[in-house]
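Here's a quick walk through the fold, with a sheet, its helices and a domain contact along the way. Have the viewer open and follow along.

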Amino acid sequence: MAAPAKEISFQSSQVNGLNLHIMPTEKFKTTTIVVMIEQELSQAYVTKTALLAHVLKRATARFPDTRKLSEHLDMLYGAIFDIDVVKKGERQILQVYLEVPNEKYLSDSVPLLEQAFQFAGEVLVHPYLENHAFSEKYLNTEKESLRKRIESLIDDKMRYANQRITEEMFKDEPFSLLVYGRREDLAAIDGAGLYRYYQELLSRNPIDVFVVGDVESAQIQEYVKAHVKPERRQPVTLPPANAQKDVQQVREVVDRLDVSQGKLNIGCRTHVTYKDDDYPALQVCNGILGGFPHSKLFINVREKASLAYYAVSRLESHKGVLMMMSGIDVANYERAVSIMKEQLEQVKAGKISDEELNLTKATLTNQFRELLDSARMMIDFTYNGLLSGRKRLLTEMLQAFADTTLEDVKRVADKIQLDTIYLLRDRKESV
Amino acid sequence: MQTTTFQQVNETLYSEQLPNGLKVYLLPKMGFGKTYAVFTTRYGSIDSHFRISGGAEVHVPDGIAHFLEHKMFDKQDRDVFQDFSRNGASCNAFTTFNRTAYLFSCTDLVEENLNILLDFVQEPYFTEQSVEKEKGIIGQEIRMYDDNPDWKVYTSLLKAMYREHPVRIEIAGTVESIAKITKDTLYQCYETFYHPSNMILFVVGSFDPEAIMQAVRKNQAGKSFSSPAPKIERFFPQEPAALAQKQVENHLAVGLPKCMIGFKDAHVGLSGEALLRREMTTKLLLDILFGTSSALYQKLYEAGLITESFDYDYTCEQDYAYSLVGGDTPDPERLKEMIQQEISHYLQTGIAQDEFERSKRKKIGHFLRSLNSIEYIANQFTSYTFNGTDLFAVLPVLESITLQEVTERMGEHLRFDQMAVSIVRSAANRE
């Protein structure tokens, strides 16, 4: 049995003005291809970029009809194909995802991998156009789709609460934007303008292409060279992102909706982000507070007080946000808030046992090691490094966890500022 | 220890049944760093009426299997979560209609973690006090699901399809039903369903199979269980072929209405290869009619009647089986109409050979892809084994299915008298 890899190691090169990153590994039965196009997160672009994800998925010059495009993917043994936008701090990433089975597991041999690159190239560089514009037909359908997607955010109450508190906390900052954009922008977008915007994006914004699978690097470089050929010009320098603001005053916000459970979010600014030396210590700090079932939030909100089924804290690593979250009976609001705030205070005061510190380091280490078994997560880890300008090896990150002391945790916890307490609750009167 | 090699997918499975009846399966995965172990009892929410041969018939409160799952983590002298965390493992558990699973994943110390898993599931410790405390926690879990419109539309559809069978009852029960649970009822269920002969241990990932099998043998040899194993009789009410209700409607805060259509199989009772064959045949059928490459999908999408949430699936167990199709839609009535029209059309004209071949390719590719996920392998293998089927038979079965079988299945399964509809709307767009 091949020894498991210990490091996430992409081989990087420049091909056709794209940053190509290849990781050959035998462990997966498929090959994963991900293209990331980086854009600033801003009111001016957010809806257009989100709409591009929809429109580009519909058709290409070779497959002008969506059904034909879908049939082609089926014939590539159910190739997985998706385009989406993700938010990483104040960057909006347009992400093309493609995954095809490795030919060696199929009874008939078809050149799937080359066809996958050919297809990726077509989607990116030869979308379906009418008179140098995205077709009105697809554009209009996809505007509707995007509008529905924005409106359906409300279906998932946890995600809805998370977006609402983000809007409240970062009111005058780009980070407040929903990655799918704004409904009110849709009407003004037309096929010609959107295509011009896309050409600009494709020729000047940073583009990274990741490939993971049982592949040969030279072969992949050939495929990319032959099939993915955007016209690249002088790259733009995107404006700096993720400015850090001090909290002036802690705010409380309440929203009402037809719900039976209250969603309580407590949002904090960490003033530490992925690129900082203190980032691994912030991970440990978050782990102690609410990352795991041995963490303070789980033990005190759920196990001791029996107030909730879930009580966790999560980090947003690029902007530097720590979010505590729980689902509670609104009658217990005051009590839950006070227990949750108390846990953060305990961490700040360094009231952390050796056991808590050690368990957190052990579980964090495991969590990061598990990245090695997922193509998608290895890509994401590597991209976080590229995006933030601070590349870390996995082994470096693990070593940093191991070296984190109680003093380090206290130091980063001290920087954490409580910003907003948010409750999504029912429509009944008074708490 | 038995060794079975599946050449086409390049996997080798090791298995053994221990003297106490426990079935153990080990699947080492080349190159993976992570190990995932799942210890499952064939006991789920539907098993609420039973008898141990020689004993009296017992009815237990709805939701008790899930409640028991929560309470297995309680110990007199230790915290199970901390035990796993100490070894860097993350553990969890879940309950479905027909099984309860306890699991961990880790990248180190597999043997130690396995012993923790086996020991905590095989040493119940329930007190009245901790049972009462859990009612608050699970109460919030139930509330969380109450606010989830996707869960609501699904569980309501099951209630519409099934008149008698307990699959119509929510897995976690209700706040009222769990109020009746006591430590004695928990012990009774535990003694009935947690005998090793009713359980499967599946370990997949990075380890030496001989060493791990030896560790499991040793752990089990050190414990005593009732012998012979209790013979469990499960009682299920006679479920008529007919539906309980044609249509149900609920109101929750949603962006767009949700509509899910179900087809209830009138004839059930299959097991082994026949069951697997029916599953794969039906899944192919659904993909041909409703997949993204189908004429219907494109028509519905163009008309704005569906979004990317549109999905379909077939579930088949030995005593209940149904298909689901649907998603978010502005007009549930029109969606239902168009789906019915399409089915009628296909029943008249039949399925084309190329449609069939394409879907088959897609399914084969998706199956290979699913083998990248060690979690999928472990859980799906266990579920199939309880039904007398075999995960690794999926590929050969898929490859051998004919168009004629799919066509016959279409006539048998997609019957309008077996079709139920569930809708969730906002109170605001209530008609």
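In β8(A), V209(A) is the bridge partner of V35(A). Keep in mind that this is a predicted model. The strands involved are β3 (residues 30-40) of chain A and β8 (residues 207-213) of chain A, which run antiparallel and are joined by 6 bridges. Helix α3 (residues 112-125) of chain A packs on the sheet, where it touches β3 and β5 (91-101) of chain A. The direction of this helix makes about 150° with that of β5(A).

So what's the strand order of the open sheet in chain A? Going across its 6 strands, you read β1-β2-β8-β3-β5-β4 (chain A), and the pairing is mixed. The edges belong to β1 (11-15) and β4 (80-88) of chain A; each has a single partner strand, so one side of each is left without a neighbour in the sheet. From one strand to the next, the twist averages 20°.

A further helix to look at is α7 (residues 217-227) of chain A, which lies across β1, β2 (18-24) and β8 of chain A. Helix α7 of chain A runs at about 150° to β2(A).

Zooming out, chain A has 14 helices and 13 strands. Its radius of gyration is close to what the globule rule gives for 431 residues, so chain A is as compact as a globular protein of that length. Here are the overall numbers for the chain:

| Property of chain A | Value |
|---|---|
| Radius of gyration | 23 Å |
| Globule rule for 431 residues | 22 Å |
| Span of the C-alpha trace along principal axes | about 60 × 55 × 45 Å |
| Buried residues | 50% of the 431 residues |
| Share of contacts (separation of 6 or more) between residues 24 or more positions apart | 80% |

Now over to chain B. The domain assignment splits this chain into domain 1 (2-234) and domain 2 (247-425). Their C-alpha centres lie 28 Å apart. How many residues does each domain of chain B bring to the contact? Domain 1 of chain B gives 33 residues and domain 2 of chain B gives 30 residues.

On the domain 1 side of that contact, the elements giving two or more residues are β3 (23-28), β4 (35-41), α5 (149-161) and β9 (199-205) of chain B. Helix α5(B) supplies the largest share of this side, 10 residues. By residue type, the domain 1 side of chain B divides into 19 nonpolar, 6 polar and 8 charged.

Definitions and conventions. Residues are numbered from 1 along each chain as its sequence is written. Chains are lettered from A and ligands numbered from 1 in the order in which they are written. This is a predicted model: local features need pLDDT of at least 70, side-chain atom pairs count only at pLDDT 80 or more; totals for chains, interfaces and linings use all residues. Two strands pair if DSSP finds at least two bridges between them. Helices (H or I, at least four residues) and strands (E, at least two) are DSSP runs, numbered from the N terminus. Axes are lines fitted to C-alpha atoms, for helices over the stretch in contact, and angles run from 0 to 180 degrees between N-to-C directions. Two residues are in contact if their C-beta atoms, placed from the backbone, lie within 7 Å. Domain bounds come from an automatic or database domain assignment. Ala, Val, Leu, Ile, Met, Phe, Trp, Tyr, Cys and Pro count as nonpolar, Asp, Glu, Lys and Arg as charged, and the others, Gly among them, as polar. The radius of gyration is taken over C-alpha atoms; the globule rule is 2.2 Å times the number of residues to the power 0.38. A residue is buried if 20 or more other C-beta atoms lie within 10 Å of its own, exposed if 12 or fewer, and partly exposed in between; C-beta atoms are placed from the backbone.
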